[in-house]
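These are my notebook entries on one chain, written while I looked up strand pairing, salt bridges and burial.

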Amino acid sequence: EYDFSWTLSEDATEIQSGKLDGFSLNPGDSKVVEIPMTSITGKANSEYWLRLSVQLKGDKNWAEEGHELAKHQFKLPIETPTYAKKENKLANPEINNSGESIVINGKGFKAEISKESGLLISYEKGNDKIVTSALKPNFWRPLTDNDERGWKAEKILNVWKDLPENLKVESIDIDVTSVAVKLIFKELSLNLTYTFTSEGAVDVNYKLVIPENMPEPIRVGMVMGISNNLQEMSFYGKGPFENYSDRKGAAEVNIFTGMVDDFYYNYTKPQESSNHACTRWLALTNSVNSGLMVVGEQAMQTSVWPYTAENIRVAQHPTELNKADELTVNITHEMAGVGGNDSWSMNARPIDKYRLLEKEYSFAFKLVPVTKAKNLQEVYRNSK
């Protein structure tokens with residue numbers, strides 16, 4: 001009754017495909033089948049994906065021939081070499097610590113770190129201001145119906161909601177190319193290290209240590225505002241529709257491209273939405289492919305909202321959402337799942353597997369300026 005087809009892709013490019021020979025199985029039986037892929041040599045900083053698909057061989061009264069009944073994507077364990085980077089012969093960026101903030105200048109870029117908050121508060125490339133609101137820690141989300149009406153997350157985890165505003169700078173250490181900041185809240189500590197290349201890339205390293213007496217956060221990550229001029233969105237991760245740690249099985253890893261509004265999902269009651277798990281990179285650019293790319297050291301979760309988090313949180317209807325003067329970019333290491341075993345009790349909370357129960361979290365990502373890029377995947381490979 002069924003056709004079994006397969007494709008092999010290098011990142012987002014299909015390089016092989018075929019169909020499996022027919023076979024019969026009784027219920028409960030299993031069979032090992034061979035997929036006739038030809039040998040390949042792994043390309044530097046690339047990934048390889050096998051996709052299996054089951055389709056109807058003929059028309060049915062409920063669907064036509066070729067209708068897909070089942071599918072799955074597998075990451076193949078193909079070893080790839082490290083991308084050979086061009087040697088950087090530019091001088092280190094200049095770090096000026098004499099004013100109220102720390103100013104970093106390099107080839108065509110300028111960044112600023114606040115001494116008061118320890119946060120990256122501005123980033124400019126050429127004449128364009130890209131980061132318009134501080135890159136700051138983020139432990140919260142505009143609560144979902146399950147969070148708010150089910151397991152009462154705001155009551156249980158309330159300490160995390162405004163915690164970023166309560167962090168205090170304990171120390172700032174400046175090196176030749178980096179600024180290391182330690183932020184504290186009671187016994188909680190957050191270490192942020194910003195390392196700048198001469199060409200304007202910013203490596204951000206993040207280490208959070210949570211005391212035993214604090215409840216778990218609902219998110220571990222960072223958020224920033226970036227220029228509203230960067231409305232063209234591309235990402236290499238699970239999509240194209242939104243997905244979460246406990247709601248991502250149907251999404252596939254690929255490169256997806258569109259406008260920011262194309263990837264924002266509007267719920268009848270505004271709430272957390274539009275997340276993409278397993279993201280390798282996210283790029284926001286203008287009409288000439290210039291802007292900013294966020295590259296994860298490991299797979300991360302990302303979302304971009306044309307609204308502020310506060311607007312989403314307080315709005316009761318989509319008509320109460322107002323386009324902001326900047327884009328909200330969420331860069332998330334871990335986030336609690338959607339949950340929903342029921343929607344009216346503690347059972348609405350995600351099961352333990354999809355809660356953030358650890359007491360230490362470390363992750364890293366890179367902000368990479370993009371200038372008239374012809375191939376965003378190549379920008380990503382060069383940045384690794």
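**Entry 1: strands β5 to β7.** I looked up the bridge partner of I95 and found I104, which sits in β6. The model I am reading is predicted. I then noted the strands themselves: β5 covers residues 94-96 and β6 covers residues 101-106, and the two run antiparallel, joined by 3 bridges. I recorded β5 and β6 as a hairpin with 4 residues between them.

I went on from β6 to β7 (residues 109-114), where I found antiparallel pairing again, with 6 bridges. For S101 I read the bridge partner in β7 as S114. β6 and β7 also form a hairpin, here with 2 residues between the strands. In that turn I noted G108, which has a positive phi of about 75 degrees.

**Entry 2: S122.** I placed S122 in strand β8, residues 120-125. Is S122 buried or exposed? I entered S122 as buried, because its relative accessible area is 7%, under the 20% cut-off. Beyond residues up to four places away in sequence, I listed its contacts as K110, A111, E112, K129 and V131.

**Entry 3: the four-stranded sheet.** I next traced an open sheet of 4 strands and wrote down its order as β2-β1-β3-β4, with antiparallel pairing. Which strands stand at the edges? They are β2 (13-19) and β4 (68-75); each has a single partner strand, so one side of each has no neighbour in the sheet. I noted an average twist of 20 degrees from one strand to the next.

Within this sheet I looked at β1 and β2, which pair in the antiparallel sense over 6 bridges. I found T7 bridged to S17 in β2. I also noted Y2, which belongs to β1, the strand of residues 2-10. I entered Y2 as partly exposed, since its relative accessible area is 36%. Together with W62 and L69, Y2 makes a nonpolar surface patch of about 330 Å².

**Entry 4: salt bridges.** I recorded a count of 20 salt bridges. I then took three pairs one by one.

The first pair was D11 and R381, whose side chains meet in a salt bridge at 2.7 Å, N to O. I noted that this pair links distant parts of the chain: D11 is in the loop between β1 and β2, while R381 is in helix α5 (residues 376-383), and the two positions lie 370 residues apart in sequence numbering. I checked the burial of each partner. D11 is buried because its relative accessible area is 4%, and R381 is buried because its value is 6%.

The second pair was R51 and E252, with the closest N and O atoms 2.9 Å apart. This pair also links distant parts of the chain, from strand β3 (residues 48-56), which holds R51, to strand β16 (residues 252-259), which holds E252; the two residues are 201 residues apart. I entered R51 as partly exposed at a relative accessible area of 24%, whereas E252 is buried at 16%. I further noted that R51 and E252 are linked with E68 and K71 in a network of salt bridges.

The third pair was E310 and R313, where the closest N and O atoms are 2.8 Å apart. How are E310 and R313 placed in helix α4? Both are in α4 (residues 309-314), 3 residues apart, so about one helical turn separates them. I entered E310 as partly exposed at 45% relative accessibility and R313 as partly exposed at 32% relative accessible area.

**Entry 5: M300.** I located M300 in strand β18, residues 291-305. I entered M300 as buried, because its relative accessible area is 3%. Leaving aside neighbours within four places in sequence, I found M300 in contact with residues including H276, A277, C278, T279, R280 and W281. Also among its contacts are V294, V295, I331 and T332. Last, I looked up M300 against V368: the C-alpha atoms are 16 Å apart in space, and the residues are 68 residues apart in sequence.

Technical notes. Residues are numbered from 1 along each chain as its sequence is written. This is a predicted model: local features need pLDDT of at least 70, side-chain atom pairs count only at pLDDT 80 or more; totals for chains, interfaces and linings use all residues. Side-chain values use heavy atoms; hydrogens and water are left out. Patches are made of residues with over 30% relative accessible area and no salt bridge: like charges are joined within 9 Å, nonpolar side chains (Val, Leu, Ile, Met, Phe, Trp, Tyr) within 5 Å. Accessible areas come from the Shrake-Rupley method with a 1.4 Å probe; for residues, only the protein chains shown count as cover. A salt bridge is a side-chain nitrogen of Lys or Arg within 4 Å of a carboxyl oxygen of Asp or Glu. Buried means under 20% relative accessible area, exposed over 50%, partly exposed in between (1.4 Å probe, protein chains only). Two strands pair if DSSP finds at least two bridges between them. Axes are lines fitted to C-alpha atoms, for helices over the stretch in contact, and angles run from 0 to 180 degrees between N-to-C directions. Contact means heavy atoms within 4.5 Å.
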